[in-house]
Amino acid sequence: MDKISIVIPCFNEEEAIPVYYMEMKKIMKEMSYVGFELFFVDDGSSDRTLQELRALSDKDERCNYLSFSRNFGKEAAIYAGLSHITGNYGVVMDVDLQDPPALLAKMYELLQSEDWDCVATKRGDRKGEPKLRSFLSDSFYKVINKMSKTEIVNGARDFRMMKRTMVDAVLSMSEYNRFSKGIFQWVGFRTTWLEFPNTSRCAGTTKWSLRKLVSYSLEGITGFSVAPLSLASVAGITFCGISFLLIIFIVIRTLAFGDPVPGWPSLVCILFFVSGIQLFCTGIVGQYLSKTYLETKHRPLYILKESHEQKEDADEENRKN
């Protein structure tokens, strides 16, 4: 029997976890022809998320969990979950039910009936989302697809079902600075897309602030494109050209009208030329250098504080004593 392993990153989701489990329980009953394994990953939550996961693990042996020592981010949670699953199909989905569990049957059917390695999902609209966020999101996809050779589908979700070969390929990319949407596309494999309408959270509030989204977008751009480095060179040439035009303008003005403040025009040109190029280009190079620095440290993507296996071992030891 095939087994579908589902990775569910959780960060302060104590309200959503019971709702998600009840929904998944229905789906697992309907899809009784396959086995299921749920891998919840507690990403250093500060609420009762871990307690909820412990309770689920005690109640249902299909529910497993990993708990980080602190918040390492969703990307680390996805990697950790995929590293521990045992099924021949791997799924990544959110716990807030914005990724409809009802699509799992269709996804499995497509992988079985056709020669696909992955069934991915994307939102068909952004109904209910703030207009500013929608605009910035659309702009991000346009920018990154122009800069990168790896195409990132607009509206793509992390929610997808993959065959084991693709899961292993994703895990082979153990880089510290991760952008899963890009990684899923970069590894290749035949992927088909399912589109669904935007869905509101079942409980709780979003953990993605505008600042986090901007930071995540920059992670994607610098992780899958070196175009900004070329942009630094272009900017340098542009600033140089502007400075030369300013110099010509100032020379002509001085010859025509005189120079009321000797030395000031040339000083402004020099400052504009040097500081503009240096600050802009150094900032871009710094972004790439910082990522190189973090990669060379070889720090782990996450640190486990607790898992269902450790809890089971501890319970077994207590029973023996």
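**Loops, helices and the open sheet**

Tutor: Leu-97 lies in the loop that joins S4 to helix H4 (104-113), and the model in which we look at this loop is a predicted one.

Student: Is Leu-97 buried or exposed, and what is its relative accessible area?

Tutor: The backbone of Leu-97 has a phi near 65°, which is a positive value in a residue other than glycine. Residues count as buried under 20% relative accessible area. Leu-97 is therefore buried, with a relative accessible area of 14%.

Student: How far apart in space are Leu-97 and Val-19, C-alpha to C-alpha?

Tutor: In sequence, Leu-97 and Val-19 are 78 residues apart. In the chain as a whole, among contacts between residues at least 6 apart in sequence, 83% join residues at least 24 apart. For Leu-97 and Val-19, the C-alpha to C-alpha distance is 8.5 Å.

Student: What is the relative accessible area of Asn-12?

Tutor: Asn-12 is found in the loop between S1 and H1, and its phi, near 55°, is again positive in a residue other than glycine. The class called partly exposed runs between the buried limit of 20% and the exposed limit of 50%, so Asn-12 falls in this class with a relative accessible area of 22%.

Student: Which strands stand at the edges of the open sheet?

Tutor: The sheet has 8 strands with mixed pairing, in the order S7-S5-S6-S4-S1-S2-S3-S8. The strands at the two edges have a single partner strand each, so one side of each is left without a neighbour in the sheet; these are S7 (191-196) and S8 (304-307).

Student: Within that sheet, which residue of S4 is the bridge partner of Ile-6?

Tutor: S1 (residues 3-10) and S4 (residues 89-92) pair in the parallel sense over 4 bridges. Neighbouring strands of the sheet are turned by 20° against each other on average, direction ignored. The bridge partner of Ile-6 in S4 is Val-91.

Student: How many of the residues of S3 are buried?

Tutor: In a regular strand the side chains alternate between the two faces of the sheet, so each face has to be examined separately. On one side of S3, Cys-63, Tyr-65 and Ser-67 are buried, and on the other side Asn-64, Leu-66 and Phe-68 are buried as well. S3 also pairs with S2 in the parallel sense over 5 bridges, with Asn-64 as the bridge partner of Phe-39. The number of buried residues in S3 is 6 of 6.

Student: Is H1 roughly parallel or roughly antiparallel to H2?

Tutor: H1 (residues 16-30), which lies across S1, S2 (35-42) and S3 (63-68), packs with H2 (residues 49-59) at an angle of about 30°, and their axes are 9 Å apart. Angles under 35 degrees count as roughly parallel. H1 is therefore, with respect to H2, roughly parallel.

Student: Which residues of H1 meet H2?

Tutor: By class, the contact of H1 with H2 has 5 nonpolar, 1 polar and 2 charged residues. On the H2 side, the residues that take part are Thr-49, Glu-52, Leu-53, Leu-56 and Lys-59. On the H1 side, they are Ile-17, Pro-18 and Tyr-21.

Student: Is the crossing of H3 and H6 left-handed or right-handed, and how do their directions relate?

Tutor: H3 (residues 74-84) and H6 (residues 164-172) have axes that come within 10 Å and cross at roughly 130°. That angle makes H3 oblique to H6. In this contact, Tyr-79, Leu-82 and Ser-83 of H3 meet Arg-164, Val-167, Val-170 and Leu-171 of H6. The way in which H3 passes H6 is left-handed.

Student: Which residues of H6 are buried?

Tutor: Over the whole protein chain, buried residues make up 45% of the 321 residues. In H6, the buried residues pack against H3, S4, S5 (118-123), S6 and H7 (180-186). The buried residues of H6 are Met-166, Val-167, Ala-169, Val-170 and Leu-171.

Key:
Residues are numbered from 1 along each chain as its sequence is written. This is a predicted model: local features need pLDDT of at least 70, side-chain atom pairs count only at pLDDT 80 or more; totals for chains, interfaces and linings use all residues. Side-chain values use heavy atoms; hydrogens and water are left out. Axes are lines fitted to C-alpha atoms, for helices over the stretch in contact, and angles run from 0 to 180 degrees between N-to-C directions. Angles under 35 degrees count as roughly parallel, over 145 as roughly antiparallel, 65 to 115 as roughly perpendicular and the rest as oblique. A crossing is left-handed if the near helix is turned anticlockwise from the far one by less than a right angle, and right-handed if clockwise. Contact means heavy atoms within 4.5 Å. Two strands pair if DSSP finds at least two bridges between them. Ala, Val, Leu, Ile, Met, Phe, Trp, Tyr, Cys and Pro count as nonpolar, Asp, Glu, Lys and Arg as charged, and the others, Gly among them, as polar. Buried means under 20% relative accessible area, exposed over 50%, partly exposed in between (1.4 Å probe, protein chains only).
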